[in-house]
Structure formats: structure tokens, C-alpha cells
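Visitor: Hello! Could you take me through one part of this model in close detail, and tell me what surrounds it?

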Amino acid sequence: MKHPSSREFFAYWNAKRGDARAPDRSEIEPGAVRELLGDIFVLSYDNSAGYPFRVAGTRVSALLGRDLKDASFSALFTEHSRGEIEEIITYVAEEMLPAIAGVTATSDDGKTAHLELLLLPFNNRAHAPISLTGLLAPFEDNLTTIGDFKLTSWRYVHTPQKFVPRALRKLAIARGFMVYEGLR
């Protein structure tokens, strides 16, 4: 992660998740990340609606020049990048694995803006809608309204997992046939 805001939000998210794969949405306290709220957003995991924004920070809304409530996140991307961002969102939400991406956008005056996109999952609970959070941080200051997002790079952030030692149990099923059952 290159942007300090991405590193700070990821560290907070990682501390909140503890030993779980992802924290519950209720565990994220806005006051704890007060300085980052302008860059933070929450997406609904709804492919047919283009992963609409549930909440978007003021800086994200200002960069895009409009209120983003219920607006499609994937529609921000060019047609070439749209399929890729949708696959990344699906992987983040279903596999609960964070992703970081480099994004370029075109400003109103035709200049290229560089941004960093961080996508973080929330813990999935039964009978609750799936959602994920993220942060969109520009590297340039004084940007005008931007659009036509393009993915330039991305990777999944693999956090080290604790391994539980396995126990093996040897079962004699039939003469000459042995089955080893792995237990945790």
C-alpha cells in the first residue's frame, strides 16, 4: 500500500478483525477513523445493481461531483475495467480477502489523476445483506471532478493465518486398504 490513508485504514480494520477473517460491520467505529471518513465508503454486494454505494465520504462524493448514495460503483469504471473490478469485489466479499488497487481517472480538465483503492470485507452473517467497505485516496491535491476510472494494478492482501496442528487417525476399511482421516 502506497497511500498513508490506505495503510492506516487497513491497520484499523486488521486490528478489529482479530483472529476472524473479517470484522463485523458493527465493530467499525467512525470516530476511530475520523480523519479518514472523507475517503471511506461502504458498498452493497449486489451485482445486478453494480455494487451500489450505501455510504460515501464527502471527499469521495466531491471527487465524483455528486451524491453517491445508491449509485453504481462498477459504473465508475470504463467498460474495459468494469469486469475486472466486479471480479475483485466478488472475491473480496465472498472469500473475505482484502484487495488493493491502483486506479487512474480523467479529470474535467483532461488531466490524469492517480488514486489508490482499498477494498475490505465485512464478516458475513446469516440473514443480513453482504457489504464491504473501502477507501479511495487520490495522490494529487486540488483535483477537479474525475471520472472514467481504469484499473492499473491490483493485488489481494494475504494476511498470515494461524495453522492448527492436525491429528491423523488411521482407519482400516478393508484388507489392504487404509484411510487416513485428518482431524483438527
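Guide: Gladly; let's start in the sheet. Strand 4 and strand 5 run antiparallel and are joined by seven bridges; two strands pair if DSSP finds at least two bridges between them. Helices (H or I, at least four residues) and strands (E, at least two) are DSSP runs, numbered from the N terminus. This is a predicted model, in which local features need pLDDT of at least 70 and side-chain atom pairs count only at pLDDT 80 or more, while totals for chains, interfaces and linings use all residues. Residues are numbered from 1 along each chain as its sequence is written, and side-chain values use heavy atoms, with hydrogens and water left out.

Within the pairing of strand 4 and strand 5, Leu117 has Leu136 of strand 5 as its bridge partner. Strand 4 also pairs with strand 3, in the antiparallel sense and over eight bridges. There, Gly102 is matched with Glu116 of strand 4, and Thr106 stands opposite Thr112 in strand 4. Four residues separate strand 3 and strand 4, which form a hairpin; in its turn, Gly110 has a positive phi of about 85 degrees.

Strand 4 is largely enclosed by the rest of the structure, because eight of its 10 residues are buried. Buried here means under 20% relative accessible area, exposed over 50%, and partly exposed in between, with a 1.4 Å probe and protein chains only.

Ser107 is a good place to pause, in strand 3. It counts as buried because its relative accessibility is 7%. Its side chain makes a polar contact of 2.3 Å with the side chain of Asp109. A polar contact is a pair of N or O atoms within 3.5 Å; within protein, one must be able to donate a hydrogen and the other to accept it, and residues adjacent in sequence count only if both atoms are side-chain atoms. Leaving aside neighbours within four places in sequence, Ser107 is in contact (heavy atoms within 4.5 Å) with Thr144, Thr145 and Ile146.

Now for the whole sheet: it is open, has six strands in the order 2-1-5-4-3-6, and pairs antiparallel. Its edge strands, each pairing on one side only, are strand 2 (53-56) and strand 6 (146-156). On average, neighbouring strands of this sheet are turned by 25 degrees against each other, direction ignored. Axes are lines fitted to C-alpha atoms, for helices over the stretch in contact, and angles run from 0 to 180 degrees between N-to-C directions.

Helix 1 lies across strand 1, strand 3, strand 4 and strand 5, at about 5 degrees to strand 4. Helix 3 (residues 79-95) packs on the sheet too, touching strand 1, strand 3, strand 4, strand 5 and strand 6, and its direction makes about 50 degrees with that of strand 6.

Which residues of helix 1 are buried? They are Ser5, Ser6, Phe9, Phe10, Tyr12, Trp13 and Arg17. These residues lie on the same side of helix 1, because they cover an arc of only 160 degrees around the axis, the arc being that of the directions from the helix axis to the C-beta atoms. Their cover includes strand 1 (40-44), strand 3 (99-107), strand 4 (112-121) and strand 5 (131-138). After helix 1 comes Gly18, with a positive phi near 60 degrees.
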